[in-house]
Amino acid sequence: MTTGLPTGSSTGASPEASTERPRAGSNVPLGERAYRIRRHALRMGEVQGQGYIAQALGISDVLAVSYFHALAYRPGDPEWEGRDRFLLSIGHYAIALYAALIEAEIIPEDELTSYGGDDSRLPMSGMAAYTPGMEITGGSLGHGLGIAVGMALGLKRKGSKSFIYNLFSDGELDEGSTWEAAMSAGSFKLDNLIGLVDVNGMQADGASTGVLNFEPLGPKFAAFNWFVQRVDGNDIDALVKAFDAARHHPGAEPRIILCDTRMAKGVPFLEARERNHFLRVEPDEWQRALAILDEGRVK
Amino acid sequence: MRRSKYEKPAPRAGGGAKTSAMIASLAAPGQRTKPAPFGHALVELAGTRPDIIGLSADLSKYTDLHIFAQAYPERFYQMGMAEQLLMSAAAGLAREGFTPFATTYAVFAARRAYDFICLAIAEENLNVKIACALPGLTTGYGPSHQATEDLAIFRGMPNLTIIDPCDAHEIEQVVPAMAAHQGPVYLRLLRGNVPLVLDAYGYTFELGKAKTIRDGRDVLVISSGLMTMRALEVAEALRDDRVDVAVLHVPTIKPLDTATILREAGRGGRLVVVAENHSVIGGLGEAVAGLLMRAGVMPGRGFRQIGLPDEFLEAGALPTLHDRYGISAAAMAGSIRAWL
């Protein structure tokens with residue numbers, strides 16, 4: 001860093017190459033991480049008796065690969081300057097990210113029972129000021145990718161090697177601001193930006209492509225000068241390959257991984273529910289869901 | 001009330017006054033001006049503040065940011081005609097420790113990018129400086145470009161500081177002050193050849209402070225932005241009528257300098273007139289009215305507002321429109337005479 005710039009809200013450490021991956025090399029397999037993330041999420045869902053649990057179960061594999069394969073971070077220092085930034089554009093997926101942050105030991109597990117309660121650090125919609133490891137305030141959809149563009153530009157100015165990941169949803173493809181940001185990321189050749197789209201096919205008013213058809217999605221991002229991959233977002237091996245390819249892609253392009261996921265993945269009786277954007281779960285079903293999840297645990 | 005488009009207007013000699021160009025100066029003929037005070041002040045400040053970054057949404061030339069872009073091309077980002085992105089990306093740069101100055105027109109920031117300023121910037125109290133040209137009625141291009149309600153829109157946004165400077169002298173001081181302030185700031189920017197007035201009064205800008213530019217016994221004009229220079233002209237004009245006019249300049253709309261306003265409004269038996277280049281709804285006038293009401297202060301000779309009507313304004317030449325909507329010095333003097 002030659003400009004004498006402030007290092008943001010970090011501990012003042014100079015930017016370092018994000019080759020440090022404290023979580024990688026762990027002996028815990030990614031499938032086990034994904035299982036635990038789902039489990040944390042279900043337990044939080046039970047606390048409130050409601051929530052965006054289908055999205056959380058669906059995105060858990062992507063979060064496991066993000067936090068235990070791809071991202072550089074320090075659990076005890078969530079604002080470490082050398083970290084990769086993971087932005088949750090979809091604020092209502094907070095339950096999923098909290099589950100990942102608990103698994104990553106950024107949030108203590110015993111705080112899980114405070115989910116959605118008064119004065120909790122884990123509000124139902126993700127807000128940066130509340131939660132360690134929550135980089136931005138989401139919730140008003142279509143914000144994340146634009147903020148990611150600014151952060152990617154900022155990291156480049158600082159000579160940082162860190163990546164910006166922005167997790168957004170197929171529903172956010174309806175928002176024009178997403179495409180303003182997509183066009184600019186290609187124009188600025190932001191090769192430090194990795195977009196992750198949860199293509200779960202469901203939004204508030206029904207099936208995503210029925211609300212507004214965004215397909216063909218890959219060619220759209222390719223036309224906006226992005227390096228595009230589309231994978232089964234519940235296939236951990238495929239996700240690992242895609243994250244590696246995104247990180248190591250030699251082209252000066254932003255990278256996007258379109259992750260086709262299954263809502264409520266891992267709990268078949270919830271997967272089978274048709275209207276699952278805001279899943280109705282009866283009080284007795286939480287324990288049943290946990291039991292089913294435990295049975296299907298990947299050893 | 002707007003005329004029906006099916007009603008042919010009466011012919012005017014010479015076709016009437018022409019629509020003022022988008023880059024037209026607000027300066028009266030012969031008035032002292034300074035070119036692009038915002039752009040030059042930002043360049044000067046950037047010399048000692050490497051964290052300052054400029055962003056524009058395809059309007060750098062029309063917000064005087066091109067001066068900065070020419071001086072520091074590597075610190076300028078052209079975001080394209082995309083105001084939602086402009087504000088989100090500014091938030092991202094602020095998150096990484098930079099101090100972005102994002103510029104566009106006031107209409108686009110207020111109407112188009114509000115949610116992004118609110119959630120991506122203000123909710124996190126990020127250090128983004130939003131400098132917007134064409135505040136209020138400063139263009140004759142019609143409602144698409146006339147930000148007559150930007151203060152009403154922005155006053156409700158928590159954390160946001162709002163500044164409505166009067167002239168080039170003030171803008172030069174506002175730029176370093178807004179950069180020094182921690183948190184988001186919205187600046188109603190006067191651009192191009194900007195009138196130079198307040199230097200003659202020995203005025204200095206302080207963030208959050210209202211200042212008495214001149215004192216007077218009969219009328220207290222509380223004003224912001226370009227209306228302060230109008231008020232000073234009115235004060236001179238009314239002197240011939242033996243009306244003594246005080247002018248309290250309130251460049252910081254939010255947070256409001258409530259102590260000074262209450263003290264001045266409560267002094268003696270004066271008519272209090274709030275003058276603003278903004279709709280009479282939701283701007284400085286109603287802010288002051290609410291303040292006085294809450295404090296139980298009733299000015300001795302009443303309270304009046306000079307501002308733009310609650311209408312979509314017409315297109316045309318700026319001097320014509322300022323007269324028509326009551327914010328020219330002549331119209332303002334007429335209003336005050338009638339109220340006394």
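A:Lys158 reaches across to the partner chain and forms a salt bridge with B:Glu96, with the closest N and O atoms 2.8 Å apart. That is a handy place to start looking at this predicted model, and the rest of the contact between the chains follows from there.

**Where the chains meet**

By the salt-bridge rule, the interface of chain A and chain B holds two such bridges. Polar contacts add to the picture: twelve residue pairs are counted between chain A and chain B, with both partners at pLDDT 80 or more. Which helices of chain A each supply at least two residues of the side that touches chain B? They are helix 4 (144–157) and helix 5 (176–187). Helix 4 gives the most to that side of chain A, with nine residues. If you sort the residues on this side of chain A by type, you find 13 nonpolar, 13 polar and six charged.

In terms of residues, chain A brings 32 to the contact and chain B brings 27. Together the two chains bury about 2300 Å², and 62% of that lies on carbon and sulfur atoms. Three residues are worth picking out on your screen: A:His143, A:Arg157 and A:Glu180 supply 28% of the area that chain A buries against chain B, more than any other three residues.

**Salt bridges to look at**

Over all chains, the structure holds 39 salt bridges. Here are two of them, one across the interface and one inside chain A.

| Salt bridge | Closest N and O atoms |
|---|---|
| A:Lys158 with B:Glu96 | 2.8 Å |
| A:Glu285 with A:Arg273 | 2.5 Å |

The pair within chain A, A:Glu285 and A:Arg273, forms a salt bridge. This pair links distant parts of the chain, twelve residues apart: A:Glu285 sits in helix 10 (residues 285–295) of chain A, while A:Arg273 sits in the loop between helix 9 (268–271) and helix 10.

**The annotated domain**

For residues 44–277 of chain A, an unreviewed UniProt entry gives the feature "domain: Transketolase N-terminal". In the model, this span is 37% helix and 14% strand, and the C-alpha atoms at its ends lie 17 Å apart.

**How far to trust the coordinates**

Chain A averages a pLDDT of 91, and 91% of the residues score at least 70. Where in chain A does pLDDT stay under 50? Residues 6–19 are such a stretch, and the model has 33 contacts for them beyond four places in sequence. Predicted coordinates should not be read in detail where pLDDT is low.

How values were computed: Residues are numbered from 1 along each chain as its sequence is written. Chains are lettered from A and ligands numbered from 1 in the order in which they are written. This is a predicted model: local features need pLDDT of at least 70, side-chain atom pairs count only at pLDDT 80 or more; totals for chains, interfaces and linings use all residues. Side-chain values use heavy atoms; hydrogens and water are left out. UniProt positions are given in the numbering used here, feature names are shortened, and annotations may be inferred rather than shown by experiment. Helices (H or I, at least four residues) and strands (E, at least two) are DSSP runs, numbered from the N terminus. pLDDT is the predictor's confidence in each residue, from 0 to 100. Contact means heavy atoms within 4.5 Å. Buried area is the accessible area (1.4 Å probe) that two parts lose on being put together, summed over both. A salt bridge is a side-chain nitrogen of Lys or Arg within 4 Å of a carboxyl oxygen of Asp or Glu. A polar contact is a pair of N or O atoms within 3.5 Å; within protein, one must be able to donate a hydrogen and the other to accept it, and residues adjacent in sequence count only if both atoms are side-chain atoms. Ala, Val, Leu, Ile, Met, Phe, Trp, Tyr, Cys and Pro count as nonpolar, Asp, Glu, Lys and Arg as charged, and the others, Gly among them, as polar.
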